[in-house]
Every structure is written in structure tokens, then in C-alpha cells.
Amino acid sequence: MAGGNQGTLRLLERLDQPGASGGLCSIQAAAELGVDHQTLVGAVKSLQALGEVIEAEARTATRWELSPEGEEVLRDGSPEVRLFRSLPEEGLPQGEAMKLPGGSLGFSKAMANKWVRLDKGAPGGPRVLRAVPSVQDTVQEHLGQVRTGGAQAVPERDRSELKRRKLLLEMTLKSYWIRKGSAFSTAVARPETELTPEMIATGSWRQLPFKPYNFSSLGLPPACGHLHPLLKVRSELRQIFLEMGFTEMRTDNFVESSFWNFDALFQPQQHPARDQHDTFFLLDPAEAPQLPPGYYNKVKKVHSQGGYGSQGYRYEWKVEEARKNLLRTHTTSASARALFQLARQKFTPVKYFSIDRVFRNESLDATHLAEFHQVEGVVADRGLTLGHLMGTLRQFFTKLGLILIPSGLKKWVEVGNSGVFRPELLLPMGLPENVTVIAWGLSLERPTMIKYGIKNIRELMGHRVNLQMVYDSPMCRLDV
Amino acid sequence: MPTVSVKRELLFRALGRSYTDEEFDELCFEFGLELDEITSEKDIISKEKGEEKAKGASDVVLYKIDVPANRYDLLCLEGLVRGLQVFKERINLPKFEKIIPAEGEGQRLIVTEQTAQIRPHAVAAVLRNITFTKDRYDSFIDLQEKLHQNICRKRALVAIGTHDLDTITGPFTFTAKAPSEIKFKPLNQSKEYTASQIMDLYRTDSHLRHYLHLIENKPRYPVIYDSNGVVLSMPPIINGDHTKISLKTRNVFIECTGTDITKAKIVLDIMVTMFSEYCEKPFTVEAVEVVHPNGKTHIYPVSTALGDLCVLRERASLTQTLETPSSLAKLLTRMCLKSHVTGNGNHLEIEIPPTRADIIHACDIVEDAAIAYGYNNIQMVIPKTYTIANQLPLNKLTELLRLDLAAAGFTEALTFALCSQEDIADKLGTDISATNAVIIANPKTAEFQVARTTLLPGLLKTIAANRKMPLPLKLFEISDIVVKDPNADVGAKNYRHLCAIYYNKSPGFEIIHGLLDRVMQVLDVPPNEENGYTIKAAEGTAFFPGRCAEVFVKGQSVGKLGVVHPDVITKFELTMPCSVLEINIEPFV
């Protein structure tokens with residue numbers, strides 16, 4: 001603070017004066033400089049913090065002060081003197097003497113000093129009489145001496161007596177004995193910590209030194225909100241698909257019929273994936289009220305009898321099985337719905353994507369959750385080949401920061417699945433015969449865990465996630 | 001994907017050469033398989049039960065190989081070796097031969113009409129003059145188990161019975177009888193039991209108990225007898241002990257019974273094509289005549305008749321580089337699909353062997369061609385498909401709102417869409433019937449009983465799991481909830497909700513209210529009744545009385561905000577007051 005600095009500067013100047021070479025008492029210096037002692041102590045401490053500018057030796061000083069009662073005595077005289085002086089020559093009966101200035105306290109002190117005597121045999125009762133012709137008020141004198149700073153001149157014994165009589169108070173005062181230090185300079189002043197509006201206004205910043213910042217410490221964290229790391233990766237993946245010209249599919253139904261989840265995808269009704277062990281089936285609503293009329297008959301036929309160049313699976317396809325509701329086990333059901341919609345119009349090539357939740361009735365462990373996010377890409381066009389699928393995958397995974405090189409092909413097989421949709425899936429929908437659909441899917445969690453080195457999927461999703469991890473997670477930049 | 005365990009030494013002996021583990025891994029990959037693990041019996045036991053139990057177990061090296069689910073021909077050592085040898089062009093695919101015995105000399109299996117209600121289909125075949133060794137026998141048993149677990153759907157669709165033909169006399173009868181009328185000595189048992197007793201006997205059997213339910217409550221159980229009344233088997237549970245196969249068995253009667261005739265035929269084909277290799281005349285199988293209740297007869301196995309013709313269509317040629325018919329023919333032959341060019345040179349004649357029931361469409365053939373060609377050799381091309389990308393409007397809005405909520409100082413949570421019934425009902429002071437929630441039929445734990453109807457429990461649970469974090473906690477989530485909806489095609493519908501919570505020493509209603517104002521501000525919805533938003537005092541079981549308001553946008557209710565009821569706070573194991581906002585954002589799209 002500017003005020004503090006002023007005090008510091010003045011103390012240094014005082015120390016620099018001739019005659020202060022032996023040092024100064026901080027109390028005395030404060031008196032001389034006309035500042036509060038505490039302020040001066042502050043200046044001493046801040047100078048000490050600067051190193052060898054000054055030397056300061058802590059001292060304990062005792063100071064005597066008059067109590068309010070002492071002040072009264074100084075003004076009016078001690079009770080014993082006042083009693084003595086008010087006592088007439090012929091004395092007074094004891095009862096009346098007690099009522100004189102000084103009162104009973106003055107009486108007992110005067111008695112102790114043998115200044116007065118009590119004539120118990122006097123006619124009319126005990127009578128107080130002077131015992132000495134005159135007295136000197138040393139109490140008042142001593143108090144006067146203390147008052148003018150001469151407490152040291154008052155004999156020790158008397159001071160103690162006055163203290164006992166609560167006329168004097170003994171105050172202890174911490175002070176410093178200040179000398180010039182080895183690096184003494186009047187130019188040294190405590191540097192400013194911060195620039196203030198006043199300094200800008202007055203231009204004083206031009207002259208003032210500023211305390212250096214500690215650049216090795218951390219700053220104050222900003223009060224802010226945070227996005228969840230997995231959903232940051234979701235945003236990035238959406239961005240990648242959009243950059244590649246893929247349109248987002250609707251995925252807003254966690255509840256799906258077995259028909260769309262399995263049958264439409266040419267998954268036979270006895271397939272192990274349709275087991276209770278892997279799939280959450282629903283108790284309510286247990287069945288889908290509507291299956292797409294017409295189309296579902298075509299699906300039934302391709303399963304049970306074949307067609308479209310296929311022998312089919314040749315089993316008895318049951319509509320009740322297809323109606324069974326479940327929580328979708330993949331977003332490919334949504335892709336099937338999107339392709340079915342596409343087949344209802346004059347065909348135009350499409351690129352589709354989706355990222356949304358899917359559900360598996362699995363035992364939970366470090367790499368499995370009952371729900372996770374599936375990322376899916378689909379391209380439908382005439383004459384697409386496996387080479388196109390692989391070319392698209394390479395493009396996609398390169399953007400994902402997972403570089404696909406021919407000999408590393410196995411690696412992407414492990415991250416996700418890809419393939420060409422079967423004709424038994426596409427042709428019943430009514431897509432033209434020469435249209436091929438290539439598709440791939442992966443979980444959102446898997447690349448996130450690879451990218452961020454997370455070993456346990458439960459640390460990434462769900463209510464048990466540590467919010468500190470969310471607070472601390474970096475932005476998602478998959479390509480760096 | 002089924003995993004096949006084979007002894008490395010046996011495998012290399014059968015392949016006629018040895019490989020390093022890396023070389024074999026590479027070979028598997030080329031062939032479309034995956035070498036999943038290199039282990040030993042000792043390793044497996046030690047991993048599952050501890051080292052102590054593994055003492056004395058075999059440390060013969062085992063390869064565990066992942067096989068595509070529909071490649072039943074690769075489920076045993078015999079098939080795997082044959083496939084790899086043909087692939088590497090070391091051998092030609094064997095020619096399977098079906099021998100039809102002279103009239104009256106072959107085996108017959110008579111199916112009675114009683115089977116119709118329980119297990120209507122049966123097929124059979126005979127392997128003559130086979131030579132078993134311990135390893136061959138083990139593989140024979142193991143393949144049956146693999147087939148039972150996979151294509152047979154745990155014996156529900158098909159069950160296989162194999163018998164020493166020299167212990168029985170045909171013709172055989174496949175019928176169904178009341179459990180009390182069936183009596184025989186089951187495999188490896190010392191005395192006879194009735195069918196009912198057999199069911200009781202196996203109720204605690206770790207292996208067989210899983211199949212009992214397939215027939216248990218039926219009035220009649222399926223059973224196969226020989227002409228002298230000897231029980232061959234009671235499918236799909238157990239064979240009779242009488243016909244047990246041993247290493248000395250020379251002639252094997254194989255029957256497959258089931259509910260799916262297509263799969264029964266496939267299973268029979270796989271059994272005979274794999275093990276006819278060990279017959280005196282390798283790769284021959286003796287046909288069996290099956291007589292149906294209507295008097296019709298069929299000769300099995302059927303698929304050994306060869307010469308299926310398949311013409312590749314334009315749509316099936318998935319790779320540009322595989323276009324010449326002669327190169328394709330060569331590749332396919334390596335995949336056990338013997339092919340040659342016919343006609344004008346643009347057609348292929350492809351023989352589909354009985355081992356390849358997985359091929360049901362030309363595209364399956366092309367897939368094999370691509371495997372043989374090598375995925376690594378396929379030239380990658382970027383499709384020329386020109387499209388303009390579009391975002392789903394609801395997701396686009398969600399993305400924008402997430403950013404603004406984070407900018408408003410709230411942190412994003414990501415909670416499960418599934419939860420317990422308690423979370424959305426009891427704990428929020430309401431009854432499950434009032435939630436209109438979708439209920440899961442087969443949850444493994446209480447955590448997955450229902451789909452959430454509100455995002456609030458997830459956020460409260462997130463706070464409960466993070467009580468050590470400094471206050472205040474300010475969280476949000478924008479995600480889907482699910483409710484029943486009879487008008488939706490599946491009977492349920494998702495709604496995109498926005499939920500935010502403020503948790504501190506004081507409820508901070510004004511902070512949540514301020515957040516609502518901010519959300520409306522960024523959505524460009526002004527605070528007024530006609531064409532903007534208002535909040536009006538309301539009630540809600542999850543809210544503290546008098547501290548709840550309903551949010552209306554253009555007169556339509558979109559959600560609520562308020563101070564959470566102390567009972568709710570306690571039930572979610574929290575201690576501080578908090579306030580929340582939850583709205584449906586779909587009206588803002």
C-alpha cells in the first residue's frame with residue numbers, strides 16, 4: 001500500500017540521520033515520526049522481508065501509566081494528604097473525620113503513616129488529631145514523575161506500592177531496536193503487489209517498484225461448467241461424419257421390436273443373440289402393436305422360404321417372435337428403418353450415420369456395461385464394393401486418429417464391425433437390385449478409452465463417474 | 001463366435017508341417033479366422049480354479065481359434081485341417097460319396113405320428129468301418145457338443161445321438177411315449193430308470209439339467225428303439241448305455257432329431273463329412289431311409305448330392321478386382337467351393353459341398369472369394385457417392401444447449417437410461433403405475449428394472465457418488481427418457497429432456513430459476529404468457545410443498561422446477577438442500 005511505503009521510507013530516512021548509527025528504539029522512532037507504533041512495526045517487518053536492509057532486534061519494554069484513579073490523585077492529591085490537610089487543629093470526632101476528603105482510605109493511610117492519631121479517651125468519643133505539623137504528598141509527586149516519563153526516577157519500592165494501590169499500571173510493550181543492515185539503502189521500499197486504478201490515474205506506477213510474480217505456482221481455477229468427456233468424443237465423431245457428408249439418422253427409440261432389431265436384418269429367430277441372456281426383453285409393453293404391413297410378410301418369406309436369390313433359413317418364422325419388444329441391442333435397427341424409408345422413394349444414393357445408446361443384458365465388468373453408445377455409418381449406392389467399404393473405413397478411422405494400414409487391418413476389426421448388407425436384408429425393403437449397402441459400427445466408449453487411456457469403462461459412464469475426472473478432462477481432439 | 005480348442009501338436013501333425021505361433025496366427029487371419037489364445041489345460045484350470053488344482057493337469061499346448069458362427073465345418077480339428085490344406089492348395093477338397101445300400105439291406109428309421117407334438121423331425125446316416133483313436137474319439141464327442149451348443153441351440157432345435165450299430169438291429173423307430181412307459185439304462189449308469197426317474201436323476205447334473213425343460217412338461221417324451229425294443233436314445237436328453245460308442249466301435253449309427261428339419265440335415269451333414277475321413281473307404285457315408293408317418297420316405301443325408309449350380313450375378317460381385325471368372329474360380333476352389341468357368345466364359349459352375357450349409361446366397365460365395373483373395377490385397381477406394389450432410393434437428397439443438405449450459409457454469413453428467421423401479425417411483429414419492437414406465441422382463445439386477453421416465457434420479461445418484469466434491473455442485477444432462485405410448489409402433493416413445501440440479505447448503509431456487517431464464521433466453525423464448533414462457537405454482541411429489549412451479553411455453557407445459565423434497569434428498573442418501581429443473585426440449589426444435 002502507498003501509505004505503508006511512505007512509513008517505510010521515512011523510517012529509513014530517520015535511520016540514515018547522524019546520531020542514529022547506534023540504532024533506534026521503535027517506540028521512540030514512532031513518537032518522533034508521529035506515527036502509530038503498530039504502523040512502524042509493520043514497516044520494520046516489511047523491511048526485514050527484503051533481506052539485509054535493516055537489523056531489528058525484538059525487545060520487551062515496560063512502560064508505566066497512570067490508572068484513571070492515579071490521574072485523580074495526581075490532580076487532587078492522595079487521599080491521606082487530603083484528609084490530613086482538611087483536619088482542623090483541634091481535630092474532629094472519628095465519625096466526622098471519616099467524612100472529610102480522602103475518607104476512610106485517607107484515614108487508614110494517614111494512620112499507617114503516623115500522620116494522625118486517635119484519642120480514644122477524648123470527651124464525646126474517639127477523636128482524630130494531627131500527629132505531625134505538616135506532610136509532603138510524595139504519592140502525588142511520584143505520580144507526577146511517572147506522568148512526565150520519569151518513572152525510572154521513582155524508587156522501585158514506591159512504584160510497586162503505587163501499582164498495588166492501583167494508581168499505576170505496568171504496561172509491557174514489544175518494540176524493536178533498529179539498526180542499519182548490511183544492505184541498507186533509503187532507496188529500498190517494499191514493491192507494489194498490484195497495479196491499482198489510482199496508480200493508473202496518478203501515473204505513480206512509473207516510479208513504483210512492483211513485486212515479481214511467482215510464475216511457478218498454478219493460477220486460480222475459473223468457476224466454470226464442463227462437458228462430459230465421452231460426449232465430447234460424441235460431438236467430435238458427429239463432426240467427422242458431417243465432414244464426410246453423412247446425414248444423421250433418427251435413433252429416438254430405445255424400445256425396439258424384435259422385428260426391426262433382428263428379423264429385418266435377416267437374423268434368424270433362433271439366433272443366439274436373441275437369447276434372454278444377451279437382450280433385455282420388455283414386460284410392458286411386451287409386444288410392438290404395429291409391424292410394417294406388407295414388408296413384414298416379405299421378411300417372413302425370405303426367412304422361411306428364401307427368395308431374392310437366397311435359399312433362406314427354411315424354418316417356421318413366427319410373427320409373435322417378431323413382435324417381442326426389447327431394448328435395442330444395436331443401432332443397426334435404426335439403420336434398417338432408415339433404409340426402409342429410403343426404399344419407399346425413388347432411389348438416391350445416401351450416406352447415413354448415427355450415434356446413440358444400445359443395451360445388452362450383460363454381466364458388468366471393466367469393459368462391459370449394460371448400456372453403451374454405438375457409432376454407425378451406412379453408405380447406400382449402386383455398385384459399391386468391399387474396396388469402397390475399406391476405403392471409407394480408412395478415411396473414417398484416419399480422422400478418428402486410429403490409422404488404418406493394411407497390415408493393421410486386424411486392429412480395426414477389434415474396434416468395431418463392418419460389412420456389406422445382405423441382399424436378403426435390402427431386397428425385401430424394395431431397394432433396387434443393383435444397390436449395395438456398406439456399413440460399419442463401433443462403440444463410442446472403445447475409442448474413447450483407447451484415446452484417453454481409461455482402463456475401466458465404469459469410470460467413463462454412469463452416475464459413479466468421478467466428477468473431478470469430468471472437471472479435469474481435456475478437450476477432444478482425435479486427430480492430434 | 002464359437003471357439004475351437006485344438007492340440008497344437010495334433011494340428012501340426014495333421015497339417016504335415018509346423019508353424020511358429022506368429023506364422024499360424026497369420027495363416028488364421030488369411031483364412032478369416034482368429035487365433036484367440038495359446039494356452040494349455042493346466043493354464044486354463046490354474047486361471048479358473050487356482051494353481052493348486054492345476055497340478056497334474058496336462059500342459060500340452062492348445063490353440064484356441066475363433067471360428068465364424070456359421071462355419072460349422074470348422075468346429076473340429078478334422079474340418080479345420082481340411083479347410084486350411086485346401087486353402088493352401090496342399091490337397092484337393094475330398095469328394096464325398098453317399099452309398100445307397102441295395103434294396104432291403106440299408107438301415108431304416110421309422111418316424112411315428114406321436115412325435116409330431118414334441119420333436120417331429122429325424123434324419124440318420126451310418127459310418128461304416130471307422131477307426132477311432134483316443135484323439136479321434138475325443139474330437140467326435142467334442143464336435144457333437146459344439147454343434148449342440150451352437151446350431152442346435154442347446155439341443156432345442158436338434159439333438160445328436162451316435163450309436164454302435166453292431167449292438168442294435170434295425171429298423172429303428174422314432175416315437176414318443178408317456179414318461180412312465182419309457183424304461184432303459186441311460187448312458188454310463190448302472191441300472192434302468194423310467195423316463196420320469198431319469199429326469200429326477202439329472203435334475204442336479206451340471207450339464208444335462210439345462211436340457212430337461214425341453215421335454216419335461218410334455219405328456220410324451222421322444223424315444224428311439226431298435227427292432228428288439230432296445231432304447232437308442234431319449235432325445236434331447238440322453239442316449240442309452242447299450243449303444244455306447246467305444247474306441248473299438250466300427251460302425252456308427254448317427255441320428256439327429258429335432259424341431260427344425262433344415263438344421264437337422266445340416267448337423268447330420270457336418271457329422272458325417274467330418275468323420276467319414278476315418279472310414280475304411282474315406283469320405284463315404286451309408287444312407288439311411290427315413291419313413292414318415294404319412295408313408296413317404298426320404299434318403300439321408302441329402303446334401304451329399306453334388307453339383308449345385310450357382311451363377312454369379314452382377315450385384316454379387318462386390319470387389320472390382322475379382323472380376324475375371326477364371327481368377328474367381330481359382331479363389332473359390334481354395335475355399336472348398338470347387339468352381340470352373342462355363343458357357344460363354346461369364347458363368348461359374350460352383351459345387352457347394354455338404355460341409356458348407358452356411359452358403360445360402362451368391363453373396364456368401366463372394367465373401368469367400370474375398371477371403372481367399374485376401375482383404376489386405378483389396379484396393380481401397382473412396383465411394384464417389386455425392387451427398388449433402390444433414391444433422392438431426394433435435395440432436396443439433398441438444399449440442400447447442402449443452403454448450404450454453406456448460407457456459408452457464410453447469411457440468412454435464414452422463415447417467416444410465418436404465419434404473420431401478422425404486423429410483424423413478426418410490427424414491428420420488430410416486431407409484432410406479434403413475435410413471436407410465438417401460439418395464440424390463442429379464443433384468444439381471446435391480447439396477448435395470450425400468451427405463452427412466454425422468455433424468456432426476458440419475459443426477460441425484462451422480463451427486464451421491466460425488467459427495468466429497470466441493471460445494472456447490474451444479475450438474476446437467478440432456479438425454480432421452482422413455483414412456484409407454486400406445487400410438488407408437490413399438491408402444492413406447494423417447495423424449496429428449498433437459499435436467500439441471502443445484503446442490504448446496506441452501507436450495508438456490510433462484511439459481512435454477514435463473515438457469516431456466518437463461519435457457520429460454522438462448523432459445524429466444526421471451527418471458528411472457530402469450531408467445532413466450534411463464535412459470536406457475538404447481539405441485540409435485542418430488543418437490544418441497546410451495547417450492548415447485550410448472551414451466552409453460554406458449555401455454556403448453558414443458559416441465560417443472562423447484563426445491564427437491566427433503567424425503568427425496570434423504571432417499572438418495574444426500575444431506576444438503578437442492579433445486580432442480582427438468583423440461584422436455586422437443587417443443588423447441
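Which residue takes a positive phi just after α5(B)? Glu89(B) does, at about 55°, and the views below start there. This is a predicted model, in which local features need pLDDT of at least 70, side-chain atom pairs count only at pLDDT 80 or more, and totals for chains, interfaces and linings use all residues. Residues are numbered from 1 along each chain as its sequence is written, chains are lettered from A and ligands numbered from 1 in the order in which they are written, and side-chain values use heavy atoms, with hydrogens and water left out.

**View 1. Helix α5(B) is mostly covered, and Glu89(B) comes just after it**. Helices here are DSSP runs of H or I with at least four residues, strands are runs of E with at least two, and both are numbered from the N terminus. Of the 11 residues in α5(B), 11 are buried, where buried means under 20% relative accessible area, exposed means over 50% and partly exposed is in between (1.4 Å probe, protein chains only). The buried set takes in charged side chains too, including Glu78(B) and Arg82(B); for the classes, Ala, Val, Leu, Ile, Met, Phe, Trp, Tyr, Cys and Pro count as nonpolar, Asp, Glu, Lys and Arg as charged, and the others, Gly among them, as polar. Glu89(B) sits in the loop between α5 and β4 (97-99) of chain B, and has its positive phi although it is not a glycine.

**View 2. Phe31(B) and Phe87(B) make a tilted ring pair**. Rings of Phe, Tyr and Trp (its six-membered ring) pair if their centres lie within 6.5 Å; planes under 30 degrees apart are stacked, over 60 edge-to-face, and the rest tilted. Over all chains, the structure holds 31 such aromatic pairs. In this one the centres are 5.0 Å apart and the planes are at 50°, so the pair is tilted. Phe31(B) belongs to the loop between α2 (21-30) and β2 (34-40) of chain B and Phe87(B) to helix α5 (residues 77-87), so the pair ties together parts that are 56 residues apart in sequence. Both Phe31(B) and Phe87(B) are buried.

**View 3. Helices α9(B) and α10(B) cross at about 90°**. The axes of α9 (residues 325-334) and α10 (residues 362-373) lie 8 Å apart; axes are lines fitted to C-alpha atoms, for helices over the stretch in contact, and angles run from 0 to 180 degrees between N-to-C directions. The two helices are therefore roughly perpendicular, a label for 65 to 115 degrees (under 35 is roughly parallel, over 145 roughly antiparallel, and the rest oblique). On the α9(B) side, look for Leu328(B), Leu331(B), Leu332(B) and Arg334(B), which meet Ile365(B), Asp368(B), Ala369(B), Ala372(B) and Tyr373(B) of α10(B); contact means heavy atoms within 4.5 Å. Sorted by class, that makes seven nonpolar, no polar and two charged residues.

**View 4. Thr392(A) touches residues of chain A and chain B**. Thr392(A) is part of helix α16 (residues 386-399) of chain A and counts as buried at 2% relative accessibility. Leaving out residues up to four places away in sequence, Thr392(A) touches Met244(A), Phe246(A), Ile438(A), Trp440(A), Val381(B) and Pro383(B). Thr392(A) and Ile438(A) are 46 residues apart in sequence but 9.3 Å apart in space, C-alpha to C-alpha. Phe246(A) and Trp440(A) also belong to an aromatic cluster, along with Phe241(A), Phe353(A), Phe396(A) and Phe397(A).

**View 5. Cys28(B) and Cys279(B) are both without a disulfide partner**. A disulfide is a pair of cysteine sulfur atoms within 2.5 Å, and the count over all chains is zero. For Cys28(B) the closest cysteine sulfur is in Cys76(B), 15 Å off and too far for a bond. Cys279(B) also has Cys76(B) as its nearest, at 14 Å. Cys28(B) is buried at 1% relative accessible area, and Cys279(B) is buried at 5%.

**View 6. Asp423(B) is buried and Asp524(B) is exposed**. Asp423(B), in helix α12 (residues 421-424) of chain B, has a relative accessible area of 4%. Apart from neighbours within four places in sequence, its contacts are Leu428(B), Pro457(B), Lys461(B) and Phe572(B). Asp524(B) lies in the loop between α14 (509-522) and β25 (533-537) of chain B, with 67% relative accessibility and a positive phi of about 65°.
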